[in-house]
Amino acid sequence: MNTAESVASEHNATTTLRRARSGRVVSRDGTIIAYDEVGSGPPVILIVGALCSRTLGPGVKLAPLLAEQFKVFTYDRRGRGDSGENAPYEVTREVEDLEALIKEAGGSAFVFGHSSGAVLALRAAAHGLPIKKLALYEAPLIVDRSRPSMQNDWAQIEAFVGEGRRGDAVRAFLKSVGVPAFAMALMRWLPVWGKVTAVAHTLPHDGAIVQEFQRGEPLPAMGWTNVTIPALAIDGGRSPAWIRNGTRALAAALSNAQYRTLEGQTHDVNAKTLAPVLKEFFGSAGIPAHSGLE
């Protein structure tokens, strides 16, 4: 892309973002779920992972890029941002939140999930929600001994949350997923620290979604046999071995999936690199044959 094209693309994305419409849906248990909608075309719903919301995380930059071709929905998962939460928490309630959003989007949608949001998307597809295609970026699955299980980490995080120690919960989570100590120390002095600690109480939600798949064991053979829609499991070429191993295992476990690596990318994937991949996948009749697929 030349400089003029790059500037035009940035302008289009910014203009599209300004046209975003905010709304709310009511989940089955009465919880209010806040969302933003931008663009026009077939609906795509973005599901973020731990510590993220519709104003923080990969969806912020990804949504306006996808909105050039799709109607894109980003939302605050329950307990975050402008969304409510009714106790006690259950994973099925989050599936129902997505169900309400899909209904709002027109009755069916493409879905992209990042990190624990990818596992939530899988659970929703297994539950039978009307999802047309699934794109899954680095679901945090530990399927071998390339890193320790996170079971003890989640227990510690939940204990910190129960004691109201949000900062300690965030630090424990970031340490567990491999964020260097110097980066965590720097974060405490940046505006993002206040944003992540504000949603730290929802970390156990992500633990409930993912931890049964983080025991260092192969994925259960019958885990997602009823997920037969086209799926694309994506990882970054610079991501750690454990998460790449999990992504490959996920692609193998799904009956209608392919695996792709985005070279040079990490868990914090660049939106400009990811967006064309999602546009191609969601815009094609099937799973695209691609020289970058492994």
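**Entry 1: Glutamate 138**

I began with glutamate 138, which is buried and yet has no salt bridge, the nearest side chain of opposite charge being that of arginine 244, 6.2 Å away. I note at once that the model I am reading is a predicted one. The residue sits in the loop between strand 6 (131–137) and helix 5 (151–162), and I call glutamate 138 buried because its relative accessibility is 1%, where the cut-off for buried is under 20%.

I then asked which groups the side chain of glutamate 138 reaches. I found the backbone nitrogen of glycine 236 at 2.8 Å, and a polar contact with the side chain of serine 239 at 2.5 Å. I also looked up the backbone here, and glutamate 138 has a positive phi of about 50° although it is not a glycine.

Next I turned to arginine 244, which I located in helix 10. Arginine 244 counts as buried too, because its relative accessibility is 16%. For a sense of distance I took proline 180, which lies 64 residues from arginine 244 in sequence and 19 Å from it in space, C-alpha to C-alpha.

**Entry 2: Salt bridges**

Having seen a buried glutamate without a salt bridge, I looked up how many salt bridges there are, and the count comes to 21. I went through several of them one by one.

Glutamate 68 pairs with lysine 279, with the closest N and O atoms 2.8 Å apart. Since glutamate 68 is in the loop between helix 2 and strand 4 (71–75) while lysine 279 is in helix 11, this pair ties together parts that are 211 residues apart in sequence. I recorded glutamate 68 as partly exposed, because its relative accessibility is 38%.

Glutamate 94 forms a salt bridge with arginine 77, and here the closest N and O atoms are 2.9 Å apart. This pair also links distant parts of the chain, glutamate 94 being in helix 3 (residues 91–105) and arginine 77 in the loop between strand 4 and helix 3, 17 residues apart. Are these two partners, glutamate 94 and arginine 77, buried or exposed? I found both of them buried.

Aspartate 168 and arginine 171 meet in a salt bridge of 2.7 Å, N to O, and both belong to helix 6, where they are three residues apart, about one turn of the helix. I recalled that an α-helix has 3.6 residues a turn, so residues three or four places apart point the same way. Aspartate 168 is partly exposed at a relative accessible area of 21%, and arginine 171 is partly exposed at 27%.

Salt bridges that share partners join Arg28, Glu90, Arg93, Glu96 and Glu99 into one network. I followed one member further: glutamate 99 lies in helix 3 and is partly exposed at 28% relative accessibility. Its C-alpha atom is separated by 8.8 Å from that of arginine 28, although the two are 71 residues apart along the chain.

**Entry 3: The largest pocket**

I looked up the largest pocket, whose volume is about 1300 Å³. Of the 45 residues that line it, those closest to its centre are Cys52, Pro58, His114, His267 and Asp268. By kind, the lining divides into 28 nonpolar, eleven polar and six charged residues.

Which helix gives the largest share of this lining? I found that helix 2 does, with five residues. Other helices that supply at least two residues each include helix 1 (3–18), helix 6 (166–176) and helix 10 (241–253), the last of which also holds arginine 244.

I stayed with helix 2, and noted that six of its eight residues are buried, so it is largely enclosed by the rest of the structure. The buried residues are Gly59, Leu62, Ala63, Pro64, Leu65 and Leu66.

**Entry 4: Backbone geometry**

I closed with the backbone, keeping in mind that most residues other than glycine have a negative phi, and most peptide bonds are trans. Alanine 87 and proline 88 are joined by a cis peptide bond, with omega about -5°, and proline 88 lies in the loop between strand 4 and helix 3.

Serine 115 has a phi near 60°, a positive value in a residue other than glycine. I placed serine 115 in the loop between strand 5 (109–114) and helix 4 (116–126), and recorded it as buried, with a relative accessible area of 13%.

How values were computed:
Residues numbered from 1 in each chain as written. Predicted model: local features only at pLDDT ≥ 70, side-chain atom pairs only at ≥ 80, totals over all residues. Heavy atoms only, no water. 1 Å grid on protein atoms, 1.4 Å probe; cavity = no way out; pocket = protein on both sides within 12 Å on 5 of 7 lines; lining within 4 Å. Points joined across faces, edges and corners; volume = space filled by probe spheres on them. Helix = DSSP H or I, 4+ residues; strand = E, 2+ residues; numbered from the N terminus. Nonpolar A, V, L, I, M, F, W, Y, C, P; charged D, E, K, R; others polar. Buried < 20%, exposed > 50% of the residue type's maximum accessible area, 1.4 Å probe, protein only. Lys, Arg positive; Asp, Glu negative; His and termini not counted. Salt bridge = Lys/Arg side-chain N within 4 Å of Asp/Glu carboxyl O. Polar contact = N/O pair within 3.5 Å; in protein donor to acceptor, adjacent residues only side chain to side chain.
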